[in-house]
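Good morning, everyone. Please have the sequence and the model open in front of you while I talk, and stop me if a term is unclear.

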Amino acid sequence: MNKRAPARSSAKAAPRPAEARRNEVRIIGGQWKRTRLAVADKPGLRPTPDRVRETLFNWLASLAGVSGGELLDWHCIDAFAGTGALGFEAASRGAASVLLCEQDAALVAQLQALKTKLEAAAVRIERGNGVTALERAAAGSLHAVFLDPPFENTALYEPALRAAARALRPEGVVYLEAARRWADEELAALGLGVFRYLKAGAVHAHLLILATDSTA
């Protein structure tokens, strides 16, 4: 008697844990510590790696001068929000207001869902151009601006940096993530200087402050 071959299931196998982790990032500290954020499969979407983000927020906490990594009462803009990892991290650590600006409608919906889930009252989400949002911000109003546009959109960097410098408080900072290291001369022409820098894989991470001797 012939045995019938077992029927094949049409359902896809569940992703392995390591594979699932590649499709998400996590909040490093604060009230939502360890919360995982989904990473959509979108061209140009490149969330800041957890290790880089941890270093960045250690830098910011040191500047804030508060123990525990808090950014109490900070006002921030995450101009190219994507997954929202940078903006939600700031809000998790006590920022008073965080604007997440994103153009992709699906990503905006994902950000809205996360805001609702976390009851993140300090977070505001706007669908639109990050450079425009920075240009609209009041001069000297922001403690931190997060800039990590898609690497291939090089035309965004200079106007975003110029607008960010105008919107910064005197003690404020700009986080710039790029495919290359920006030269001191380039940044000085935009009114900025390097405070901290690191390279992790393809990511060049800059923490920038206002240049004291620039006329830009």
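The backbone oxygen of Thr 48 lies 3.5 Å from a polar atom of the side chain of Arg 53, which fits the definition of a polar contact, namely a pair of N or O atoms within 3.5 Å, where within protein one must be able to donate a hydrogen and the other to accept it, and where residues adjacent in sequence count only if both atoms are side-chain atoms. Before I go on, please keep in mind that this is a predicted model, in which local features need pLDDT of at least 70 and side-chain atom pairs count only at pLDDT 80 or more, while totals for chains, interfaces and linings use all residues. Residues are numbered from 1 along each chain as its sequence is written, and side-chain values use heavy atoms, with hydrogens and water left out.

Is Arg 53 buried or exposed? Arg 53 counts as buried, because its relative accessibility is 0%; buried means under 20% relative accessible area, exposed means over 50%, and partly exposed is what lies in between, with a 1.4 Å probe and protein chains only. If we leave aside its neighbours within four places in sequence, Arg 53 is in contact with several residues, including Val 25, Ile 28, Ala 85 and Glu 89, where contact means heavy atoms within 4.5 Å.

Arg 53 lies in helix α2, and here I should say that helices (H or I, at least four residues) and strands (E, at least two) are DSSP runs, numbered from the N terminus. By that reckoning, the protein has seven helices and nine strands.

Let me turn to the sheet. Seven strands form an open sheet with mixed pairing, in the order β5-β4-β3-β6-β7-β9-β8, and two strands pair if DSSP finds at least two bridges between them. At the edges are β5 (123-127) and β8 (192-200), each of which pairs on one side only. Neighbouring strands of this sheet are turned by 15 degrees against each other on average, with direction ignored; the axes behind such angles are lines fitted to C-alpha atoms, for helices over the stretch in contact, and angles run from 0 to 180 degrees between N-to-C directions. Strand β4 (residues 97-102) runs parallel to β5 and is joined to β5 by five bridges, and Glu 102 stands opposite Arg 127 in β5.

Helix α2 (residues 50-64) packs on this sheet, where α2 touches β6 (142-147), β7 (168-178), β8 and β9 (203-210), and the direction of α2 makes about 150 degrees with that of β8.

What, then, ties α2 to β6? The structure holds two aromatic pairs, and one of them is formed by Phe 57 and Phe 146, which are tilted, at 5.9 Å centre to centre and 35 degrees between the planes. Phe 57 lies in helix α2 and Phe 146 in strand β6, so the pair ties together parts that are 89 residues apart in sequence. For the term itself, rings of Phe, Tyr and Trp (its six-membered ring) pair if their centres lie within 6.5 Å, and planes under 30 degrees apart count as stacked, over 60 as edge-to-face and the rest as tilted. Phe 57 is buried, with a relative accessible area of 0%, and Phe 146 counts as buried at 1%.

Helix α3 (residues 85-92) lies across β3 (75-78), β4, β5, β6 and β7, and runs at about 170 degrees to β4. Eight of the eight residues of α3 are buried, so this helix is largely enclosed by the rest of the structure. Just after α3, Gly 94 takes a positive phi of about 105 degrees.

Two residues other than glycine also deserve a look. Asp 73, in the loop between α2 and β3, has a positive phi near 70 degrees and is exposed, with a relative accessible area of 57%. Glu 119, in the loop between α4 (105-118) and β5, has a positive phi near 55 degrees and is exposed at 69%.

Finally, a word on confidence. The mean pLDDT of the protein is 87, and 85% of its residues reach 70 or more, pLDDT being the predictor's confidence in each residue, from 0 to 100. Over residues 1-21, however, the pLDDT is below 50, and beyond near neighbours in sequence this stretch has one contact in the model. Where pLDDT is low, the predicted coordinates should not be read in detail.
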